[in-house]
Amino acid sequence: MTVSRTNEPRRGRSLLPVVLGMMLGALAMLVGLAQAGRLSPRKPEVVVALGQLLEAEHRRVSLLVERGDIAGAIEVLEALRKQPWPDRETGGDVGKQLRHDVYGRLLRLRLDHPKVLPVGPAALLELADEGLGSDALDVDTNPFTARLTALRGEVLEQLDRDDDALTAYEAALEMNRVLLERELQESPP
Amino acid sequence: MSGGERPGARWGACLLALMLGACSATKVHDGAPASVAPSPTRDGEGESMKAEASEEAEAAWPGEDLDELDAEVQQAWSELEGLDQEREKASAAGKVDGSMAARCERIRGLADQICTLSQRMCGLAVEHPGQARYASACVQSEDTCERARQAAERCPE
């Protein structure tokens, strides 16, 4: 009897910090994203729809790669490449990062499997440049842009454009260094 | 209200029924086995069984008085509360471990990326001997790689 009587306030008491934590977490995330300039898509619904589409397609690609169907995976990503991508004003930084993720995955697959649906290094460079776009450096530092920039360096190396390759590697290294610093600034592991 | 029935007698009967009900409920709730309660259909054996049941109930009763029982309940409740607190602590520690593991995973991933890039840059430096830009980029990238490795090594496995 005593237990059941005092159990109700206890349950309420144990739930309260969880609810408060969730609310504070959501608020902190929104403030953080806004401060980082990442929450500025003019049409957030476009980014949400794009994110949902890409999540499904990335899973499909993973499944195809798992089955060894590299050509199928490349075709899926090439189809995504042809879809209309939101510009930075419409989709914000998040839209650009989603794009860099898809292009990076496609370029990685093409570089790792040059004999599957083969294309020349010039076409690969075109792929990298198309993916990064003209405003890649304006996008907040993130792992997807860093990876695509590094892959562009690999393509440039294939084209014997070593100076440009080194520039790309330096840019990618700097992005990764910034990301690492951000992780370490939170608190030392 | 019908015929010559008096309200006082009716209230008296209700009060008596309530008192009897409360007594039997108290016994059941206090832990006495319900099977020892006399059956209302066995009127002839009712009184002797009542006495036997009462003795059995007294003998089976773990505590001498209510204070002792209350102390036992309080002790059990304290133990339960302690276990609950331990569970909450363990849950919180698990969450911290999870976020730390995810962060260390990211740190290791970034360290790998940085060191792979450093290898590529140093590979280019080998292909371009005597060119200061390549040599300098290689040395700087190796420093960055070393720092990233150290950060990754500070992470628990």
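What does chain B average in pLDDT, and what share of the residues score at least 70? The structure is a predicted model, in which local features need pLDDT of at least 70, side-chain atom pairs count only at pLDDT 80 or more, and totals for chains, interfaces and linings use all residues. Residues are numbered from 1 along each chain as its sequence is written, while chains are lettered from A and ligands numbered from 1 in the order in which they are written.

Back to the opening question: chain B averages a pLDDT of 71, with 54% of the residues scoring at least 70. Here pLDDT is the predictor's confidence in each residue, from 0 to 100. Within chain B, helix H1 (residues 7–30) sits at the bottom with a mean of 48, whereas H4(B) has the highest confidence, at 97. Helices (H or I, at least four residues) and strands (E, at least two) are DSSP runs, numbered from the N terminus. Two stretches of chain B deserve some caution. Over residues 1–5 of chain B the pLDDT stays under 50, and the model has two contacts there beyond four places in sequence. Over residues 20–49 of chain B it also stays under 50, and here the model has 16 such contacts. A contact means that the C-beta atoms of two residues, placed from the backbone, lie within 7 Å. For the complex, the predictor gives an ipTM of 0.76 and a pTM of 0.63.

Chain A is built from helices: there are seven of them and zero strands, so to speak a plain α-α-α-α-α-α-α when read along the sequence. Of the 189 residues in chain A, 31% are buried. A residue counts as buried if 20 or more other C-beta atoms lie within 10 Å of its own, as exposed if 12 or fewer do, and as partly exposed in between, with C-beta atoms placed from the backbone. Among the contacts in chain A with a separation of 6 or more, 66% join residues 24 or more positions apart.

Two helices of chain A show how the buried residues are arranged. Helix H3 (residues 70–82) of chain A has 13 residues and reaches 19 Å from its first C-alpha to its last, close to the 18 Å expected at 1.5 Å a residue. The expected span is 1.5 Å times one less than the number of residues. The buried residues of H3(A) are Ala73(A), Ile74(A), Val76(A), Leu77(A) and Leu80(A). They cover an arc of only 160° around the axis, which puts them on the same side of H3(A); the arc is that of the directions from the helix axis to the C-beta atoms. Ala79(A) and Lys82(A) are exposed on the other side of H3(A). As for partners, the buried residues of H3(A) pack against helix H2 (44–67) and H4 of chain A.

Helix H5 (residues 121–132) of chain A has twelve residues, and its 16 Å from first C-alpha to last is close to the 16 Å expected. Its buried residues are Leu124(A), Leu127(A), Ala128(A), Gly131(A) and Leu132(A). These span an arc of only 120° around the axis, so they lie on the same side of H5(A). On the other side of H5(A), Ala122(A), Ala123(A) and Glu130(A) are exposed. The buried residues of H5(A) pack against helix H4 (88–112) and helix H6 (143–158) of chain A. Right after H5(A) comes Gly133(A), with a positive phi near 70°.

Most residues other than glycine have a negative phi. Leu117(A), in the loop between H4 and H5 of chain A, is not a glycine but has a positive phi of about 45°. Leu117(A) is partly exposed, with 14 other C-beta atoms within 10 Å. Asp160(A) also has a positive phi, near 55°, and lies in the loop between H6 and helix H7 (162–186) of chain A. Asp160(A) is exposed, with 10 other C-beta atoms within 10 Å.Finally, the two chains meet in a contact that takes 25 residues from chain B and 19 residues from chain A. On the side of chain B that touches chain A, H3(B) gives the most, with 16 residues. The largest nonpolar core (buried Ala, Val, Leu, Ile, Met, Phe, Trp, Tyr and Cys residues joined through C-beta atoms within 7 Å) has 50 residues, of which Tyr169(A), Ile114(B) and Ala148(B) touch the most other members. Leaving out residues up to four places away in sequence, Ala148(B) touches Leu180(A), Leu110(B), Ala111(B), Ile114(B) and Cys115(B).
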